[in-house]
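User: I would like a close look at one part of the structure shown here, followed outward into its surroundings. Please state the cut-offs behind each term.

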Amino acid sequence: MATPTYTLIDSTTLGSSAASVTFSSISATGKGDLVVVVNSLADAGTINFTMRFNGATTGYTAVTAYGDGGSAASFTSSSNLDLMAYGGNTTVPALVSATVLDFSSTNKHKTVLANGYRADKQASMSVGRWADTAAVTSLTIRTTTANNYAAGSTFFLYQLVSE
């Protein structure tokens, strides 16, 4: 059985609050999957975590389910790949991990599996699809709320290969 290898492609720690972070150093000839890990507070209120590829604003479908131990809910989206709703707030960070399967393939749509967790609020899981066969060469993590990711938030992009 092949041993998976995680290779750090890029990372960012925000020096000031921001509505998005883009990783654009992704090789279209790479193999395997991409893994994004975000640990973030909000600069105000709460933040959502969403993803887009190659600057595209269309072609997305996603379903997210979340619960807080007392209740559960779900929602769908067609404008982003939703990773986590009601994520980090100003005092409790959210941790989100998302895997983009077979990111460089040019003969299939891209699938994303994500998990999110905030200790005082919720756990969530999402699955999404980008209906495009282009290789992923850039990836943007963004919030769809009026609030931003706070200074000190960290964003990591890994390539996962099993050889």
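Analyst: K108 counts as partly exposed because its relative accessibility is 40%, where buried means under 20% relative accessible area, exposed over 50% and partly exposed in between, with a 1.4 Å probe and protein chains only. The model is a predicted one, in which local features need pLDDT of at least 70 and side-chain atom pairs count only at pLDDT 80 or more, while totals for chains, interfaces and linings use all residues. Residues are numbered from 1 along each chain as its sequence is written, and side-chain values use heavy atoms, with hydrogens and water left out.

The side chain of K108 forms a salt bridge with that of D102, at an N to O distance of 2.7 Å. The term denotes a side-chain nitrogen of Lys or Arg within 4 Å of a carboxyl oxygen of Asp or Glu. Over the whole structure, the search returns 1 salt bridge. The acidic partner, D102, is likewise partly exposed, since its relative accessible area is 28%. D102 sits in the loop between strand 8 and strand 9; strands are DSSP runs of E with at least two residues, helices are runs of H or I with at least four, and both are numbered from the N terminus. Strand 8 spans residues 94–101, and strand 9 spans residues 110–118.

The backbone of D102 also deserves mention. Most residues other than glycine have a negative phi. D102, although not a glycine, has a positive phi of about 50°. N54 shows a positive phi of about 50° as well, again without being a glycine. N54 belongs to the loop between strand 4 (49–53) and strand 5, and its 28% relative accessibility makes it partly exposed.

K108 has a further neighbour in D132, which touches K108, H109 and K110 when residues up to four places away in sequence are not counted; contact here means heavy atoms within 4.5 Å. D132 is located in the loop between strand 10 (122–130) and strand 11 (139–142). With a relative accessible area of 29%, D132 is partly exposed. Its side chain reaches the backbone nitrogen of A134 at 2.8 Å. This is a polar contact, namely a pair of N or O atoms within 3.5 Å of which, within protein, one must be able to donate a hydrogen and the other to accept it, residues adjacent in sequence counting only if both atoms are side-chain atoms. As a measure of spatial extent, D132 and T64 are 68 residues apart along the chain, and their C-alpha atoms are separated by 21 Å.

Strand 9, which follows the D102 loop, contains L113. L113 is partly exposed, given its relative accessibility of 40%. Together with V63, L101 and V127, L113 forms a nonpolar surface patch with about 270 Å² of accessible area in total. Patches comprise residues with over 30% relative accessible area and no salt bridge, with like charges joined within 9 Å and nonpolar side chains (Val, Leu, Ile, Met, Phe, Trp, Tyr) within 5 Å; the areas come from the Shrake-Rupley method with a 1.4 Å probe, and for residues only the protein chains shown count as cover.

Strand 8, on the other side of the loop, leads to the interior. It supplies 4 residues to the largest nonpolar core, the largest share of that core. A nonpolar core is a set of buried Ala, Val, Leu, Ile, Met, Phe, Trp, Tyr and Cys residues joined through side-chain atoms within 4.5 Å. The core holds 33 residues, and those touching the most other members are F49, M51, F53, L83, V100, L139 and I141. Apart from neighbours within four places in sequence, the contacts of M51 include A98, V100, L139, I141 and the polar residue N80.

N80 occupies the loop between strand 6 (72–77) and strand 7 (81–84). N80 is buried, as its relative accessible area is 4%, and its side chain makes a polar contact of 2.5 Å with that of R142. Beyond four places in sequence, N80 is in contact with M51, Y60 and T144, among others.
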